[in-house]
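This report walks through one structure for a reader who has not met it before. Please look over the sequence and the model first, and then read on.

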Amino acid sequence: MARRSPLNERYQKYTGPAGKTRRSAASAKPKREAGVSKAEVARSEAKRTPFIMNPPTEEFRRLYRIWWILLAVSVALVLASVAVGMWTELPQLVATVLVVAGYIAMFGALLLDWLKLRKMRTEWTELVRSGKGS
């Protein structure tokens with residue numbers, strides 16, 4: 001392999017040949033039309049499927065209200081347990097009972113959602129998609 005001579009102009013700074021580089025072969029290829037992007041497909045899909053909302057039944061509203069109440073109670077009980085543990089002289093058992101009651105309320109809300117509310121939403125979604133729902 002030949003060594004580059006430092007005296008050659010092409011290897012010295014700012015003394016090399018000034019010219020243009022060739023364009024790549026890729027730029028000479030004919031351009032094809034762009035395909036449909038994933039975002040456009042998702043937008044058209046969203047336009048075709050109706051907006052799914054909660055079923056407008058009294059039973060669903062009642063269960064949904066209970067779900068929110070259970071979540072609020074669970075947060076309140078956990079916060080109360082923190083307050084009892086930090087700012088009062090009550091025994092640790094009181095704070096523990098409040099935390100356990102808060103977790104029970106939270107798991108009750110999760111079970112209500114999994115067992116009842118999701119089933120009702122799924123049925124309503126299928127009803128709306130089939131065109132029978134209002």
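Contact here means that heavy atoms lie within 4.5 Å. By this criterion, and not counting residues up to four places away in sequence, Met120 touches Pro55, Thr57, Glu59, Phe60 and Leu63.

The model is a predicted one, in which local features need pLDDT of at least 70 and side-chain atom pairs count only at pLDDT 80 or more, while totals for chains, interfaces and linings use all residues. Residues are numbered from 1 along each chain as its sequence is written, and side-chain values use heavy atoms, with hydrogens and water left out.

Two helices are described below; helices (H or I, at least four residues) are DSSP runs, numbered from the N terminus. The expected span of a helix is 1.5 Å times one less than its number of residues, and the table sets this value beside the distance between the end C-alpha atoms.

| Helix | Residues | Expected span | End-to-end C-alpha distance |
|---|---|---|---|
| H3 | 58-87 (30 residues) | 44 Å | 43 Å |
| H4 | 92-130 (39 residues) | 57 Å | 56 Å |

H4 has a kink of about 40 degrees centred on Asp113, where the bend at a residue is the angle between axes fitted to the seven residues ending there and the seven starting there. After H4 comes Gly131, with a positive phi near 95 degrees.

The buried residues of H3 (buried meaning under 20% relative accessible area, exposed over 50%, partly exposed in between, with a 1.4 Å probe and protein chains only) are Phe60, Leu63, Trp67, Ser74, Ser81 and Val84, and they pack against H4. In H4 the buried residues include Gly102, Asp113, Trp124 and Thr125, and the buried residues of this helix pack against H3.

A nonpolar core is a set of buried Ala, Val, Leu, Ile, Met, Phe, Trp, Tyr and Cys residues joined through side-chain atoms within 4.5 Å. The largest one has seven residues, namely Phe60, Leu63, Trp67, Ala109, Leu112, Leu117 and Met120. H3 and H4 each supply at least two residues of this core, and its largest share, four residues, comes from H4.

Rings of Phe, Tyr and Trp (its six-membered ring) pair if their centres lie within 6.5 Å, and planes under 30 degrees apart count as stacked, over 60 as edge-to-face and the rest as tilted. The structure holds four aromatic pairs; one of them, Tyr64 with Trp67, is stacked, at 5.5 Å centre to centre and 10 degrees between the planes. Because Tyr64 and Trp67 are three residues apart in H3, about one helical turn separates them. Phe60, Tyr64, Trp67 and Trp68 form one aromatic cluster.
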